Amino acid sequence: PRPDVKVGGILVAVGALLSIIGVFLPWASGGGASVNGMDDFIFVSDGDLYFAESPGTVPIVFGVIMLGLGIALILAGRVLAVAIIAIVGAVIAEFIGLAMIGIASGLTDDVVGADVGIGAIIQPIAPLLSLAGAIVATSKRRRMVPAGPTTAAPSPSAAPSGTAAPPPNAG
């Protein structure tokens, strides 16, 4: 059986929780105002007007999925398929996190003195923690069980100690 992967599962779950918490922390602040991932974002980029309605819902959905995978790894432990799915989910969540920080920085580009907040910064970092945990869970190997004493009979060509083996075609 595969060894328990509790450490990997904990890392996956912690990364997921950080991503979810980061949605509710400030994504951008300036001019006495602050917005988080559940607010609506309107910004201009390359002369085009963009609108993002509650962009934090996407990281929350992936965070809940990754949290479930992390809990499954903690409780079930030996499920290689769950660890592989967690790797794929963490990679997708990483790209989503990069998009979320892009949305926040697009907003701050339009407001003088605005800064990207910690919530947006957490979005691409948290999936890396989940990815590390999924890789740890995947890389756990089975322990080698030492072979006990063998009771196999000696091969017919083996000569007793101190004597020479007869030639193979001596007959």
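Two strands count as paired when DSSP finds at least two bridges between them. The exercises below apply to a predicted model.

**Exercise 1. The open sheet**

Task: State how many strands the open sheet has, in which order they lie, and which of them are edge strands.

Solution.
- Step 1. The open sheet is built from three strands, and their order is 2-1-5.
- Step 2. The pairing in this sheet is antiparallel.
- Step 3. An edge strand here pairs on one side only, which holds for strand 2 (33-36) and strand 5 (115-116).
- Step 4. For the pair of strand 1 (residues 26-30) and strand 2, four bridges are found, in the antiparallel sense.
- Step 5. To place this pair in the model, find Gly30, which has Ala33 of strand 2 opposite.

**Exercise 2. The hairpin**

Task: Describe the pairing of strand 3 and strand 4, and find which residue in their hairpin takes a positive phi.

Solution.
- Step 1. Strand 3 covers residues 41-45 and strand 4 covers residues 48-52.
- Step 2. Five bridges join these two strands, again in the antiparallel sense.
- Step 3. Two facing pairs can be traced across the hairpin: Phe43 is opposite Tyr50 of strand 4, and Val44 is opposite Leu49 of strand 4.
- Step 4. Two residues lie between the strands of this hairpin, and Asp46 has the positive phi, near 55 degrees.

**Exercise 3. Three helix pairs**

Task: Decide whether each pair is roughly parallel or roughly antiparallel: helix 1 with helix 2, helix 2 with helix 3, and helix 3 with helix 4.

Solution.
- Step 1. Two quantities describe a pair of packed helices: the angle between the axes and the distance between the axes.
- Step 2. The cut-offs are under 35 degrees for roughly parallel and over 145 for roughly antiparallel.
- Step 3. Helix 1 and helix 2 have axes that come within 8 Å and cross at roughly 160 degrees. Helix 1 and helix 2 are therefore roughly antiparallel, and their crossing is left-handed.
- Step 4. For helix 2 and helix 3, the axes come within 10 Å, with a crossing angle of roughly 155 degrees. Helix 2 is therefore roughly antiparallel to helix 3. This crossing is left-handed.
- Step 5. Helix 3 and helix 4 have axes 8 Å apart and pack at about 165 degrees, so this pair is roughly antiparallel. The crossing of helix 3 and helix 4 is left-handed.
- Step 6. The contact of helix 3 with helix 4 is made up of 21 nonpolar, four polar and one charged residues.

**Exercise 4. The cavity**

Task: Find how many cavities of 30 Å³ or more the whole structure has, and say which elements and residue classes line the largest cavity.

Solution.
- Step 1. One cavity of 30 Å³ or more turns up in a search of the whole structure.
- Step 2. The largest cavity holds about 90 Å³ of space.
- Step 3. Its lining has 14 residues, and those closest to the centre are Ser19, Pro59, Gly63, Ala93 and Pro127.
- Step 4. Two or more lining residues come from each of helix 1 (6-24), helix 2 (57-75), helix 3 (80-110) and helix 4 (118-139).
- Step 5. Sorted by class, the lining of the largest cavity has eight nonpolar residues, six polar and no charged.

Methods
Residues numbered from 1 in each chain as written. Predicted model: local features only at pLDDT ≥ 70, side-chain atom pairs only at ≥ 80, totals over all residues. Heavy atoms only, no water. 1 Å grid on protein atoms, 1.4 Å probe; cavity = no way out; pocket = protein on both sides within 12 Å on 5 of 7 lines; lining within 4 Å. Points joined across faces, edges and corners; volume = space filled by probe spheres on them. Nonpolar A, V, L, I, M, F, W, Y, C, P; charged D, E, K, R; others polar. Axes fitted to C-alpha atoms, helices over the stretch in contact; angles between N-to-C directions. Parallel < 35°, antiparallel > 145°, perpendicular 65-115°, else oblique. Left-handed = near helix turned anticlockwise from the far one by under 90°.
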